[in-house]
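User: I would like to learn how to read side-chain features in a model of this kind. Could we go through a few of them in turn?

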Amino acid sequence: MFHANSDLLTPDNSVVILIDHQPQMLFGVQSNDRQTIINNTVGLAKTAKVFNVPLILTTVASDTFSGPLQPQVQEVFPEQKPIDRTSMNAWEDENFLEVVKKTGRKKLVIAALWTEVCLALPTISALKDGY
């Protein structure tokens, strides 16, 4: 009988989180080709969908600065409204945190546009909280 290692990511123990994949946030990215970033993000979203892994979409200041979620990403989950935040650290947003907790999963696969802020801050906070 196969016993999965609890440290491994599986469709049953993980959740995919996409943070701040928005036009104005992408505009400042110079480290990689912007279209490649969009394609890779869409690929991750489609992978989550195919394996029935919960996916959380979140944006920051979509109405006032950063714009809506990249349309190519939104097309993968057209029925899902991104959680819009005012804080840079997604983990500090109560609505976002509530949705993460509701999944009941402790393994987070986080893809964020800016590693230094969008990814690092919630990752450090999540690790502190036992994720």
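User: Which backbone oxygen lies 2.7 Å from a polar atom of the side chain of T123?

Analyst: This is a predicted model, in which local features need pLDDT of at least 70 and side-chain atom pairs count only at pLDDT 80 or more, whereas totals for chains, interfaces and linings use all residues. Residues are numbered from 1 along each chain as its sequence is written, and side-chain values use heavy atoms, with hydrogens and water left out. The oxygen in question belongs to L119, and T123 itself is placed in helix α6, residues 115–128.

User: Is T123 buried or exposed?

Analyst: Buried means under 20% relative accessible area, exposed over 50%, and partly exposed in between, with a 1.4 Å probe and protein chains only. T123, at 26% relative accessibility, counts as partly exposed.

User: How many aromatic pairs are there?

Analyst: Rings of Phe, Tyr and Trp (its six-membered ring) pair if their centres lie within 6.5 Å, and planes under 30 degrees apart count as stacked, over 60 as edge-to-face and the rest as tilted. The count by this rule is 2. W91 and F96 are edge-to-face, 6.2 Å centre to centre with 70 degrees between the planes. The rings of W91 and Y131 have centres 5.1 Å apart and planes at 75 degrees, so this pair is edge-to-face; W91 lies in the loop between β3 and α5, and Y131 in the segment after α6, 40 residues apart.

User: Which residues form one aromatic cluster?

Analyst: The cluster consists of W91, F96 and Y131. W91 is buried at 7% relative accessible area, and F96 is buried at 1%.

Terms used. Helix = DSSP H or I, 4+ residues; strand = E, 2+ residues; numbered from the N terminus. Polar contact = N/O pair within 3.5 Å; in protein donor to acceptor, adjacent residues only side chain to side chain.
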